[in-house]
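Let's take a walk through a protein complex together. Have the viewer open and keep an eye on the residue names as they come up.

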Amino acid sequence: MPETTPLPGQERFLAPLDETPLQETGALDTSSPPESQWKEAWKELRRNWLFWVSGAMILLVAVVVIAPGLFTNLDPSYADLSKSLDPGSSGHIAGYDKQGYDVFARMIYGARASVLVGVLTTILIVVVGLITGAVAGFYGGWVDSVISRIADIFFAIPLLLGALVGLSVINNLFPDRGEFGGIVAVVIALGVFGWPQITRITRGQVLQVKNMEFIDAARAIGATKRSNLLRHVIPNSLPPVIVTATVSLGILIVAEATLSFLGIGLPPGVVSWGNDINAAQNQIRSGQRIGVMFWPAGALAFTALGFILLGDAVSDALNPKRRTE
Amino acid sequence: MWWYIGRRALQAIPVVLGATLLIYAMVFLQPGDPIKALFGEKPVNETIRASIAAQYNLDDPFLIQWLKYLGNALTGDFGLTYAQQPVSQVIGDAFPVTLKLAVMALIIESVLGVAAGFYAGLRKGKLFDSTMLIVSLLVIAVPIFVFGFLMQLIFGVKLGWAPITVGGDASIKNLMLPAIVLGLVSFAYILRLTRTSVVENLTADHVRTARAKGLSDRSVNSRHVLRNSMIPVVTYLGADLGTLMAGAIVTEGIFNVPGIGNLAFRAINRGEGSTVVSIVTLMVLIYVVMSLVVDLLYAWLDPRIRYA
């Protein structure tokens, strides 16, 4: 091309080709499919120290839940009343509570009930919330109206108040429900008033995703409505649901402790953090031994913190705008 | 505007009705004879049975019972407690106390949360920001009653700065410590929300424009960053008044505050159905009204939103 000197004021400034984001179509690598958002998120997650810290915290709690015998050889339900409120000796670092139970052993064995409530409730609310939210958002119309109004009803009742009423009803119907029955009761009471949050998030996300071009593309190449929903809309609506579910897991563990603290959560015989904190009330009120409450409350906070931090890390990895909320 | 409010109010009716029906069913639709339970070991006196059944409409089908309850509630008659006091009077005594407590908590948490979150967002990654993030995470992870007991022990028992329990005198001074405890968790959420949106807004186009046209840092931060960061916080605060009033169950228990939370807890334990249903209905009404207020505040904060 011959160089021509442009008239003053008519110079054109062109960026060199290698500085522009445009590329020749031949240069695009089309031999392998592009990396899925999940793979990218996983790459992102591995670079985040928060993920490794929270992962280690949750792993530790998981080991305690699965094999409590590794951490203590004491029996959490063996009480020696002569040692009531004893500050502890070698082999009993946390001392004894009012009833003469070993506080450390109860902290270790209490993990199972508390974590089980958190995990089962989260599974329940995610399953119910995902199905209802996806159906409401995808099909719209009267289906959406019905589901959304029902979700509104359950959402409008505060979780703690609703769960308290629910548990008192279950107490009346099944007074002797054993240890596992007690856990199931708390899961149901928290789950019944917890699912609308997931429904709302899923519905909002599905409404956005279903109008995107790739959904039209899938329909154009002959995907049925149902396979579109299952294979494209739901998987692409998952990220905010996963983040909320992870954080809720931590918060639900705290909620279980609150219910047990009010004396209406897990049955008194169950070894759980909430029950132990409840039993330690009088010692902290009178300032006798703060340690009795410190250990179960500390373990509870540690576990909840692990899940909340993991939620933050996952949220950073899944959201390109990197918001932490 | 008025049209919008009217439409929203109409939409709220099925939610409020559904919520009362749900709780009413949970409380009253249980097997067993409640009147027989009242008599305990003693034989049931048929005259008294008839008068109790008539009073609580127990011989009617369930849905009719609920409709009669609603009808009475509309005229201000919420039934009687087991001690034969009108529920409306018991709630009327307790409600102002809890409202005062919740509003105090709301003011404390929003002022401190927004201020700390705003400052942390402006100084992202600095010491203040990291400290506040750790503090907020701890506050969310540790159950609220643990803080309640600790503060009661430190400020009430050891230092003597605040009364240990509130009891009959629910003055603003006495409610200060319970209000701080009640607002702690929300303080942490508001701090995080404000910080996140401040960080996002600092790099937004409209803020860059404001800086480019020469506005001072101070006026950019207060008028463009802070105001736009308030939108998610306002949503949160709207839903929070109801959550705070329900969360008061724990706080009022610890500090012995004679409010709705205490009342609800005792009513649930005693199975005093009419009180429970009335309190839950009240909470649902608060939630519905607050969501409407939030939507209207949106339009004020974000001029792009207009309701017709």
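What follows goes from confidence, to chain B, to the place where the chains touch, and then to some salt bridges.

**How sure is the predictor?**

Keep in mind that this is a predicted model. For the complex, the predictor gives an ipTM of 0.82 and a pTM of 0.81. Chain B has an average pLDDT of 82, and 94% of its residues score at least 70. Where in chain B is confidence lowest, and where is it highest? The low spot is helix H2 (residues 34-39) of chain B, with a mean of 67, while the high spot is helix H5 (residues 87-122) of chain B, at 89.

**A look at chain B**

How many helices and strands does chain B have? Count them up and you get twelve helices and zero strands. Its C-alpha trace spans about 85 × 55 × 30 Å along the principal axes. Chain B has 308 residues, and 49% of them are buried. Now think about contacts in chain B with a separation of 6 or more: residues 24 or more positions apart account for 74% of those.

For a single residue to zoom in on, try B:Arg195. You'll find B:Arg195 in helix H8 (residues 172-202) of chain B. Is B:Arg195 buried or exposed? Its relative accessible area is 11%, which is under the 20% cut-off, so B:Arg195 counts as buried. Leaving aside neighbours within four places in sequence, B:Arg195 is in contact with several residues, including B:Gly117, B:Lys124, B:Asp129 and B:Leu133.

**Where the two chains touch**

Now zoom out to see both chains. Here 46 residues of chain A are in contact with 44 residues of chain B. Between them the chains bury about 3,800 Å², and 79% of that is on carbon and sulfur atoms.

What about charged pairs across the chains? The count between chain A and chain B is one salt bridge. It is formed by B:Arg192 and A:Asp312, whose closest N and O atoms are 2.9 Å apart. As for polar contacts, two residue pairs are counted between chain A and chain B, with both residues at pLDDT 80 or more.

Which elements of chain A give two or more residues to the side that touches chain B? They are helices H4 (141-156), H5 (159-173), H6 (178-209), H8 (225-261), H9 (273-285) and H10 (291-318) of chain A. H5(A) gives the most, with ten residues. Sorted by type, this side of chain A has 30 nonpolar, eight polar and eight charged residues.

**A glycine in chain A**

Helix H10 of chain A is also the place of A:Gly306. With a relative accessibility of 1%, A:Gly306 counts as buried. Which residues does A:Gly306 contact, leaving aside its neighbours within four places in sequence? They are A:Ser54, A:Met57 and A:Ile58. Look at A:Ser54 in particular: A:Gly306 and A:Ser54 are 252 residues apart along the chain, yet their C-alpha atoms are separated by 4.7 Å.

**Salt bridges in chain A**

Over all chains, the structure holds eleven salt bridges. Here are three from chain A to find in your viewer.

| Residue | Residue | Closest N to O |
|---|---|---|
| A:Arg47 | A:Glu44 | 3.4 Å |
| A:Asp144 | A:Arg203 | 2.7 Å |
| A:Asp216 | A:Arg219 | 3.3 Å |

Start with the pair A:Arg47 and A:Glu44. A:Arg47 is exposed, at 63% relative accessible area, whereas A:Glu44 is partly exposed, at 23%.

Next come A:Asp144 and A:Arg203, joined by a salt bridge. A:Asp144 lies in helix H4 of chain A and A:Arg203 in helix H6 of chain A, so this pair ties together parts that are 59 residues apart in sequence. A:Asp144 counts as buried at 12% relative accessibility, and A:Arg203 as partly exposed at 25%.

The last pair sits within one helix. A:Asp216 and A:Arg219 are three residues apart in helix H7 (residues 213-220) of chain A, so about one helical turn separates them. A:Asp216 is partly exposed at 39% relative accessibility, and A:Arg219 is partly exposed at 49%. Elsewhere, salt bridges that share partners join A:Arg149, A:Asp152 and A:Arg200 into one network.

Notes: Residues are numbered from 1 along each chain as its sequence is written. Chains are lettered from A and ligands numbered from 1 in the order in which they are written. This is a predicted model: local features need pLDDT of at least 70, side-chain atom pairs count only at pLDDT 80 or more; totals for chains, interfaces and linings use all residues. Side-chain values use heavy atoms; hydrogens and water are left out. Contact means heavy atoms within 4.5 Å. Buried area is the accessible area (1.4 Å probe) that two parts lose on being put together, summed over both. A salt bridge is a side-chain nitrogen of Lys or Arg within 4 Å of a carboxyl oxygen of Asp or Glu. A polar contact is a pair of N or O atoms within 3.5 Å; within protein, one must be able to donate a hydrogen and the other to accept it, and residues adjacent in sequence count only if both atoms are side-chain atoms. Helices (H or I, at least four residues) and strands (E, at least two) are DSSP runs, numbered from the N terminus. Ala, Val, Leu, Ile, Met, Phe, Trp, Tyr, Cys and Pro count as nonpolar, Asp, Glu, Lys and Arg as charged, and the others, Gly among them, as polar. pLDDT is the predictor's confidence in each residue, from 0 to 100. Buried means under 20% relative accessible area, exposed over 50%, partly exposed in between (1.4 Å probe, protein chains only).
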